[in-house]
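Good morning, everyone, and thank you for making the time. Before I say anything, please bring up the sequence and the structure so that we can go through them together.

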Amino acid sequence: MTRHHPNNVRSKNQKNILYEFSSLQNEMTVEEARGFDAILILGGGAPTSLSAPPVYVQNRCDAAVKVAEIAANGADDWSEEGVARVIPNILCLSAGTAHVPQAMSLDGLPIWEATASAAYILERYPNFPEEKIFAETTSYDTISNAFFARTSHTDVAGWRNILIVTSQFHMDRTKAIFDWVFQAPGLDGIMPESLYRLSYLATENIGLSDEALLSRMEHEKKGAASVKRLSVQYPSLKDIWLFLVSKHDFYSASKLVAKTKKANATPLNGINSV
């Protein structure tokens, strides 16, 4: 799956690169690691506690920090200004997973998947600078991961050289979606391929049973065909926005109202629905 490039040096016209976590230490140079403006970590499943996302998501977080370690080039104190400056930002993605109950904290507020990923990193890697980690808490699937990562973060922050991290079973569809969304022309009509350089990092399929992995892979295969159709039907960033707010169960107002009415048809814990 890994694609190598001559002398590990990327040219301006080179297509995006796919790295493998298992061979990352030998595959990625310090220069490349320092070249990334941001590393995007995809979520995927409700956490069991604040700092406990699913095991396969923990593996994605570990991979992102490994890139930061390569960028730090052996430095012990990552908080030093010179070191912190060359470490890529990390953006944890996802509010939750569509059609999966939201994890809740004791105060009754949601524990976003992105929050759990960020908490895992900060707890497991206390050397990682807090100011270099961010959370995107609006998305509920891979398409909205890409859309809100771009519109709420990368477009605004000026992050242009991006590394996207997800599991092997999820990589093909993720790459198709992020290539589509990040290449979609914005309202100014500028084609973003002249702005964005995307690379991808695939992590091992750990933390899933064989049965669960097969189910995920079948879901990904079906989803890939849908992405191909949607990318043709909704080519611009505004088109993608229109798709989300009119067709998507989690972003269409009418669909959200209908879904909530259905869920509240039966009183919850003896409390009448409103």
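I will begin with the chain as a whole, then turn to the cores, the salt bridges and two individual places.

Please keep in mind throughout that this is a predicted model. The protein chain has 10 helices and 6 strands, and of its 274 residues, 48% are buried. If we take the contacts between residues at least 6 apart in sequence, 72% of them join residues at least 24 apart. The surface that the protein chain exposes comes to about 14,100 Å², with 55% of that supplied by carbon and sulfur atoms.

Let me move inside. The largest nonpolar core contains 38 residues, and the ones with the most contacts inside it are M28, V67, I90, I121, F128, L163 and L201. At least two residues of this core come from each of β2 (38-41), α3 (55-72), β3, α5 and β5 (161-167). Which of these elements gives the most to the core? It is α3, with 11 residues. To see how one core residue is surrounded, look at V67, which, leaving aside residues up to four places away in sequence, touches L24, M28, A33, F36, I39, L163 and L201. There is also a second core, separate from this one, which has 37 residues and includes Y196, L237, I240 and L244.

Now to the charged pairs. The structure holds 5 salt bridges, and I would like to discuss three of these pairs.

In the first pair, the side chains of D62 and R124 meet at 3.5 Å, N to O. Because D62 lies in helix α3 and R124 in helix α5, this pair ties together parts that are 62 residues apart in sequence. Is D62 buried or exposed? With a relative accessible area of 17%, D62 is buried, because the cut-off for that word is under 20%.

The second pair stays within one helix: E69 and K66 are both in α3, 3 residues apart, which is about one turn of the helix. Their side chains meet in a salt bridge at 3.0 Å, N to O. Both partners count as partly exposed, E69 at 32% relative accessibility and K66 at 26%.

The third pair is K175 and D179, whose side chains form a salt bridge at 2.8 Å, N to O. K175 and D179 both belong to helix α7 (residues 168-183), where they sit 4 residues apart, again about one turn of the helix. D179 is buried, with a relative accessible area of 12%.

Two places remain. One is S94, which is located in the loop between β3 (89-92) and α5 (113-124). Although S94 is in a loop, its relative accessibility is 4%, and S94 therefore counts as buried. Setting aside residues up to four places away in sequence, S94 touches G43, W112, E113, A114, E136, T137, S139 and N145.

The other place is on the surface, where W241, L242 and V245 form a nonpolar patch with about 240 Å² of accessible area together. Of these, V245 is found in helix α9 (residues 237-247) and is partly exposed, with a relative accessible area of 31%.

That brings me to the end, and I am glad to go back to any of these places on the screen.

Terms used
Residues are numbered from 1 along each chain as its sequence is written. This is a predicted model: local features need pLDDT of at least 70, side-chain atom pairs count only at pLDDT 80 or more; totals for chains, interfaces and linings use all residues. Side-chain values use heavy atoms; hydrogens and water are left out. Buried means under 20% relative accessible area, exposed over 50%, partly exposed in between (1.4 Å probe, protein chains only). Contact means heavy atoms within 4.5 Å. Patches are made of residues with over 30% relative accessible area and no salt bridge: like charges are joined within 9 Å, nonpolar side chains (Val, Leu, Ile, Met, Phe, Trp, Tyr) within 5 Å. Accessible areas come from the Shrake-Rupley method with a 1.4 Å probe; for residues, only the protein chains shown count as cover. A salt bridge is a side-chain nitrogen of Lys or Arg within 4 Å of a carboxyl oxygen of Asp or Glu. A nonpolar core is a set of buried Ala, Val, Leu, Ile, Met, Phe, Trp, Tyr and Cys residues joined through side-chain atoms within 4.5 Å.
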